[in-house]
Amino acid sequence: MAALLLLLVCLALPAAVRGELRAFVVAHSHMDVGWVYTVQESMHAYAANVYTSVVEELMKGKQRKFIAVEQEFFRLWWDRVATETHKQQVHQLLQEGRLEFVIGGQVMHDEAVTLIDDQILQLTEGHGFLYETFGIRPQFSWHVDPFGASATTPTLFALAGFNAHLISRIDYDLKADMQKNKKLQFVWQGSPSFSESQEIFTHTMDQYSYCTPSHLPFSNRSGFYWNGFAVFPDPPKDGIYPDMSLPVTDTNIRMYAQTMVANIKERAAWFRTSDVLWPWGCDKQFFNASVQYSNMDLLLDYINKHSDEFGVTVQYATVGDYFQAVHSRNLTWEIRNSQDFLPYSSGTESPKVTNMYMDNLMYGMYNVKKLMASIIFDMNNAKKNEAVYYVYNKDLGKSGTTDIDHYVVVYNPLAWNITTLVTIPVNISSMSVYDELGRSVPAQIQSSAESHSIYDLYILVEISGLTYKKYNVKPSNDKQSAFIGRSIKYKQKDIMHSVQQSQKLLPVASHCYEIMFDQNTNLMHSITNRETNQTVQVTQEFLEYHVNGNVTKGPISDNYLFAPNASAVPVSQAVGLEVVSGNLVTEIRQYFFSNVTAQYYTHAVFTRLYSVPEGYDGKLLCHRIEQEYSIGPLEVNREAVLRTSTSLNTGQLLYTDDNGYQIQKRPFKTYVNNTAARNYYPMAQTAYIEDDTTRLVLLAERAHGVSSQGNGQVEVMLHRRLWNNLQWNLNNNLTLNDSSVVRPVFWLILGTKSATNVLYRTSGLALQHKPVVMFGTFSGKQKQGDADFSRVLLRIRHLYEVGEDPVLSQPVVVNLKVNQILVDRTPLCFKENWFWNEMSHVIQTPLKVDMKMLLQLYSQRNAGLIYIQTYATKAITSVFVERIGVGEVSGRAVTHRHLGFERFEAMEVEDCAKSKQSCLDIVLALATIYVSCKMLVDTLAWAVLATGTNNIIVTQTPTEMHLSTGDSTEITCTWEKSVKRYRITWYLFNKENITKTVSSNLVYVRNVTHENKDVLVIEAASTNDTGFYYCEIIVEIPFCKKVYGNGTMLVVEEQEAQTLEKKVLVVWAIIPFLAAMGSLYFCCKKKSTFSGSARLPAPEGGHQEEQALERGDRDVTDKVFKNLDENGDSQVDFKEFEFVAALTCCCHKYFEQKADK
């Protein structure tokens, strides 16, 4: 009887409790935005049908679920295909949690070669659409197809508010080892600067990756793909697709179940919990969701009915469902540092997709050019005079300008002042350049290396950040003409059979560098930094890897794999040399010929040294050696590299950047197979080698593969031309038979580690964001239009990691002043953060973290701001400011993981706008005013915030204290709910306007009957203890919540220094606090009546509501607070912050008037 009772109890328990495996079947369709087919082809063949059929089928079964990943196809479907019924159904499915958007970007961005700026832009574009359309933001990633995993991405996603990250494509050997040791899941601290403050739980897909197992042991058809595989260009008219899985029938359902269960159990053995993520789908799936779900419904039901036999339960799920289940296990996870998972492989797209990308880029560039021209010039007047507008791009091969007067407009896209040289092609050899005031501008003209009929005109420009300057270019033969560069050509040298003779070195120098060339070979010999007198032996040569293209003769090298037959071999036997010298530029032209009799070169290097006249800031310009390469066309199955060999003792240790964001160490490793290729790493922007004293930095304007194949060496992959007979590549036109000529540009910086640290970050950005040059005939007046600053896109980013430089890595002080208060239109409730650890490494969103890197992210596509973080020079309140999007920067900063990439809009508060100061100045106010206003604003905000089901109201006492030096005191925070585990942190905002952490403790209490309070003891107080103290409680168990105390103002004075003036300030602080308590009463009185829709339109009548409050009209006040929480989520929303901002301004105005009296 007892045994029977025990059995019944066990059966009544959930599967997870009984120890059964629980499989989460996540339906998805991986839809590449490009690759083999264009977006248009994919939409026609299958993508539109995915969302139409999925939405319709989800409505037929409450148990069914689906995740949507890339926004590009969904948005096209939403705008062009979906009916109003479909759209209503999508809203319903999102509310029910049966349709889930993951990642939410336009695409699943590549992680190896993209820059963080572009990652943020595409993610913001997708998130902006989701928020504007549905009022939601994704909370999980699904990065299953990028080739390799960068450490930038987990940091970016953590800052975007994601609760968990999912990756797949990593090194096969590493994945096998992680599977064996059950280490596929971990907490990733992607940035050493943010470390645990922006860590994220990461799940690595097992060896089956994101696809359902494709093989069925009882069938020669695909597995679990009942709709088959998409057909291009047109869907089959009869609805019969290739390789459709056998329908589930009574005959085969048990075999299907056994196959699925076996795979679930195999996967479960690689993870720590009994929760199994079982992705159901693959590339281009679910274009016929009806046949998919109808078969899977039967299979899941069968397995669940036989769960005792199989030891497995199955359910449809979203990614969020799975991560929630893992989270509920409350396990401690291994911490992974900022090391990435690169290299992995390369990848490309078919020629027609390349053309699609190019067409879209050219269309965008064309419209940007038109926009720039319309901003800078009076287009109507110019059109009458047949003006010509160009945006200069050397790669476009424009012909030179004519021999009449021209203007040149140069725009600086950087936020700082620049001094640099811009180049335009002209047809004549004698020109003069003048600024807008008619003053002569330093310039140099010389024959072009690309054409004998074209001249390159270099113009020295000084331009402030985000502004432009106009220059007039005229034919001239007077003294103010541009300096004409002098060319000296040297005899071509046979480098393969150079005669051993005494070394002859040709020096070419600028103010910062001297480069020596060996006249016996015409190759570079050494570089000397003239400031430090450091000389490094440097030689450069073009090499090619020869690769196999016949699958019957061994491994091939294709668009995915680099598989060289042997070491790289030299490509040239002879080198020609030409030196063009001038007052601004000295250009060394090296031409590489395949043999001594060849008439045309196949490779070239154009090295430029810049000199800056006195009176100009030429620090960055002088300290770079610019090199432009010309490579191609290559022979078939050749991969071209430039190898730079130095005398630096590097130990083959290479450093490369992750996405232009942070630097990774790349030690050389030896492998059984393909060692050369497996030591190639992506270089999105930066690579360098160094020894104990000296560093050589390479900066690139486009992504490359880079490696160190020998001590003191760095080689860069510049071009590939491949063809092979692999049927897959032939069928999809992915052979990479590229016969083009490429002209990449690099900047080299040589110097001490400290000197190069100062230069390489800003130089890298300067190379990525070169000045935009526009030129054409000039006639008519310049347009004097007013710029529209109603929307400003602002990003602030620290350029250096923690520990990268003793000085440059220090926290930054930023003081921002704007004329508008920034308010969010989304519910600004505190995000219920997920905690993935028992003790020391808790994932949370701390109120303050060190500002090191991404302090500012882009907002959605229509611009605006995500948030501003500003230094508390005027006594800013961290709690209040977090809610209006402004935070402190110096040393500590407010993070907004929970805001994600939401839309922020600027809103004027009328009373603030009337003040002589900017609204932000008013909100920040002065120190004493801050203390008083802060009490009022925080009390209002947190009174409304603390209305949720699991709310915790924290009472902090006393509200203010005055002590003499040497006295002791206590500050207490108490709360009414019993909690098991929480973190209590005390902060001090001191008189130097710096917020400090006084103490922080993680408390785990098994006996929940303990007293719910925490006491901060201040002993032997000194004047340095003066400031505003507040407690922060982050509750972890039994629910997640973050709350704050109302604050305590502590003033510690020398015993003899208590002046009447200081006592008056204390009285000032009490008055608004009393007003705050009254407002708190009104706020709490109506807290249970909040209601409204999820959409938050801009409120109207805010000014009248403020006046009503000032009149003390209780009924109107009640109505104000009742209507604030429009979406009924019992959290602080947009209207509340408009109201709080208005109150803050009133508070400031009150004290401003008092001060005047």
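**Close-up 1. A cluster of rings in the predicted model.** In this predicted model, ring pairs tie Phe 66, Phe 218, Phe 224, Trp 226, Tyr 256, Trp 278, Trp 280, Phe 286, Tyr 293 and Tyr 316 into a cluster. If you zoom out to the whole model, the count of aromatic pairs comes to 55.

**Close-up 2. Two tryptophans side by side in the sequence, Trp 77 and Trp 78, pair up.** Here's one of those 55 aromatic pairs. The ring centres of Trp 77 and Trp 78 sit 6.4 Å apart, and with 55° between the planes the pair is tilted. Trp 77 is buried, with a relative accessibility of 0%. Trp 78 is buried too, at 8%.

**Close-up 3. Tyr 591 meets Phe 606 edge-to-face.** For this aromatic pair, the planes make an angle of 75° and the distance is 6.1 Å centre to centre. Tyr 591 belongs to strand β25 (residues 585-593) and Phe 606 to strand β26 (residues 603-610), so the contact ties together parts of the chain that are 15 residues apart in sequence. Check the accessible area and you'll find Tyr 591 buried at 13%, with Phe 606 also buried, at 6%.

**Close-up 4. Arg 336 lies over the faces of Phe 186 and Trp 188.** Look for one arginine and two rings here. Arg 336 lies over the face of Phe 186, at 6.0 Å from the ring centre. For Trp 188, the distance from Arg 336 to the ring centre is 6.0 Å as well.

**Close-up 5. The disulfide between Cys 211 and Cys 282.** The model has three disulfides, and this view shows the one with Cys 211 and Cys 282, whose sulfurs are 1.9 Å apart. The link is right-handed, with 60° about the S-S bond. Both ends are in loops: Cys 211 falls between β6 (200-204) and α9 (253-268), and Cys 282 falls between β7 (275-280) and α10 (289-305), so the bond ties together parts that are 71 residues apart in sequence. Cys 211 counts as buried because its relative accessibility of 15% is under the 20% cut-off. Cys 282 comes out buried as well, at 14%.

**Close-up 6. The disulfide between Cys 512 and Cys 622.** Here the S to S distance is 1.9 Å. The torsion about the S-S bond is about 125°, so this disulfide is right-handed. It links distant parts of the chain, 110 residues apart: Cys 512 is in the loop between β19 (505-509) and β20 (513-518), while Cys 622 is in helix α15 (residues 619-622). Cys 512 is buried, with 4% relative accessible area, and Cys 622 is buried at 7%.

**Close-up 7. A strand-to-strand disulfide, Cys 973 with Cys 1031.** The two sulfur atoms are 2.0 Å apart. With a torsion of about -95° around the S-S bond, this disulfide is left-handed. Cys 973 lies in strand β44 (residues 969-975) and Cys 1031 in strand β48 (residues 1027-1037), so the bond holds together parts that are 58 residues apart in sequence. Don't look for either cysteine at the surface: Cys 973 is buried, with a relative accessible area of 0%, and Cys 1031 is buried, also at 0%.

How values were computed. Residues are numbered from 1 along each chain as its sequence is written. This is a predicted model: local features need pLDDT of at least 70, side-chain atom pairs count only at pLDDT 80 or more; totals for chains, interfaces and linings use all residues. Side-chain values use heavy atoms; hydrogens and water are left out. A disulfide is a pair of cysteine sulfur atoms within 2.5 Å. Helices (H or I, at least four residues) and strands (E, at least two) are DSSP runs, numbered from the N terminus. Buried means under 20% relative accessible area, exposed over 50%, partly exposed in between (1.4 Å probe, protein chains only). Rings of Phe, Tyr and Trp (its six-membered ring) pair if their centres lie within 6.5 Å; planes under 30 degrees apart count as stacked, over 60 as edge-to-face and the rest as tilted. A charge sits over a ring if NZ of Lys or CZ of Arg is within 6 Å of the ring centre and within 35 degrees of the ring normal.
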